[in-house]
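Look first at the aromatic side chains, then at one helix and its surroundings. This report takes them in that order.

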Amino acid sequence: MSVRLKTYLELVKECDTLPYPDEDEYTRLTSEYYHFRLKKTWGEPDDDVSSSNVTVGYILPSVAGAMLWTDKFHIDHDKRTISIPWPTAPAEDGHRTYETQAIAEQLQLARDQDSIPILRKWRGEPYKILGLPDRREVRIARAGSAVFGVHTIGVHVLGFCRDSDSNSIKLWIPRRSPTKQTFPSMLDNTIGGGLTADEDILGCLAREAHEEASLPEAWVREHARPVSTISYFSIRDERAGGPEEVGLLQPATQVLYDLEMPAGMIPQPLDGEVAEFLLWTPEETLKALQEGQFKLNSAVAWIDFFVRHGYINPSNEPDYLELVARIHRRIWF
């Protein structure tokens with residue numbers, strides 16, 4: 001039985017699933033979400049709370065209702081907002097870590113109550129919450145990022161090598177482990193991972209290169225070349241972690257690097273997240289993309305690679321203009 005090949009634009013839309021403001025479903029969906037709002041500038045409260053806060057995430061009504069919220073949060077069901085007000089009690093550090101602590105306590109309470117299923121798959125690496133005008137550091141555990149619907153950052157590497165005679169390229173494509181919590185056994189970017197609050201982008205890239213592909217960290221730092229970003233706003237489906245995670249919101253940006261590897265350098269699985277590495281031609285990879293074999297955001301990253309390298313271009317792709325625009329969605333927090 002033949003598989004219907006997807007268009008590249010369809011693949012991008014499978015990842016970037018929140019409708020755009022000019023699409024019919026946008027208003028209905030976003031009007032249902034609770035806005036997770038933090039103060040624009042951390043300090044004494046203003047009289048006008050609505051103008052002093054900024055949205056940094058979207059929370060599902062089902063999540064808002066399942067949480068037993070601590071007194072560090074203010075819930076306004078009429079306005080559908082969830083915020084962390086300025087505390088009334090003094091603190092020696094000026095409440096510098098108050099928001100981070102409030103979020104950590106809330107997630108721990110939800111874990112203790114087993115009220116939010118995604119938190120059973122706890123991943124405690126700290127992420128920074130983005131979208132704060134004063135750029136202060138507020139942290140959230142990785143497992144909680146989709147619960148609060150905050151914008152996350154990842155680093156992805158597209159690895160390839162060249163034939164010494166023809167100069168044609170082949171691509172290093174990993175297959176994810178069948179035991180992965182998300183998108184098991186699907187194809188992926190050569191190297192990739194979430195950017196934690198305790199590392200910079202190159203540090204994340206080098207760490208993941210060693211852990212996932214056994215590549216020398218120093219060599220990767222020297223040769224990986226920053227080339228692009230992709231951004232999208234996903235509404236999670238069952239492939240992201242099962243039926244209990246359907247509908248959770250995941251806005252994200254991935255910083256992309258190209259990594260040209262010498263012919264003798266062969267990536268090898270190390271930490272158990274990768275089952276195998278495949279060395280494929282661009283044509284083999286494009287076919288697998290259209291067959292839907294890739295993890296959703298990895299498909300978008302490889303599409304960006306093929307656009308940049310000319311394999312997808314205005315002459316062979318009827319949706320070229322919309323495709324290129326769609327893989328660089330503006331995320332407003």
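## A buried ring pair

W69 is buried, and F148 is buried too. The model is a predicted one. In it, W69 and F148 form an edge-to-face aromatic pair. Their ring centres lie 6.2 Å apart, with 80° between the planes. The planes are over 60 degrees apart, so the pair counts as edge-to-face.

W69 lies in the loop between helix 4 (61–66) and strand 3 (74–76), and F148 in helix 6 (residues 145–148), so the pair ties together parts that are 79 residues apart in sequence.

## A pair within one helix

W302 and F306 also form an aromatic pair. This one is tilted: 6.3 Å centre to centre, 35° between the planes. Both residues lie in helix 10 (residues 296–308). They are four residues apart, about one turn of the helix.

Are these two rings buried or exposed? W302 has 0% relative accessibility, so it counts as buried. F306 also has 0% relative accessibility, so F306 counts as buried. The cut-off for buried is under 20%.

## Other aromatic contacts

The whole structure holds 18 aromatic pairs. Ring pairs link Y33, Y58, F233, W332 and F333 into a cluster.

Arginines also meet rings. The charged end of R111 sits over the ring of W122, 4.1 Å from the ring centre. For R329, the charged end sits over the ring of Y20, 4.1 Å from its centre.

## Helix 10: cover and length

Helix 10 is mostly covered, with twelve of its 13 residues buried. The buried residues include the polar N297, S298 and D304. Among the others are L296, V300, I303, F305 and V307.

What should the 13 residues of helix 10 span? At 1.5 Å a residue, the expected span is 18 Å. The end C-alpha atoms of helix 10 are 19 Å apart, which agrees. Just after helix 10, G310 takes a positive phi of about 85°.

## Helix 10 against helix 1

Helix 1 (residues 8–15) packs with helix 10 at an angle of about 135°. Their axes are 8 Å apart. That angle makes helix 1 oblique to helix 10. Roughly antiparallel would need an angle over 145 degrees. The crossing of helix 1 and helix 10 is left-handed.

Key: Residues are numbered from 1 along each chain as its sequence is written. This is a predicted model: local features need pLDDT of at least 70, side-chain atom pairs count only at pLDDT 80 or more; totals for chains, interfaces and linings use all residues. Side-chain values use heavy atoms; hydrogens and water are left out. Rings of Phe, Tyr and Trp (its six-membered ring) pair if their centres lie within 6.5 Å; planes under 30 degrees apart count as stacked, over 60 as edge-to-face and the rest as tilted. Helices (H or I, at least four residues) and strands (E, at least two) are DSSP runs, numbered from the N terminus. Buried means under 20% relative accessible area, exposed over 50%, partly exposed in between (1.4 Å probe, protein chains only). A charge sits over a ring if NZ of Lys or CZ of Arg is within 6 Å of the ring centre and within 35 degrees of the ring normal. The expected span of a helix is 1.5 Å times one less than its number of residues. Axes are lines fitted to C-alpha atoms, for helices over the stretch in contact, and angles run from 0 to 180 degrees between N-to-C directions. Angles under 35 degrees count as roughly parallel, over 145 as roughly antiparallel, 65 to 115 as roughly perpendicular and the rest as oblique. A crossing is left-handed if the near helix is turned anticlockwise from the far one by less than a right angle, and right-handed if clockwise.
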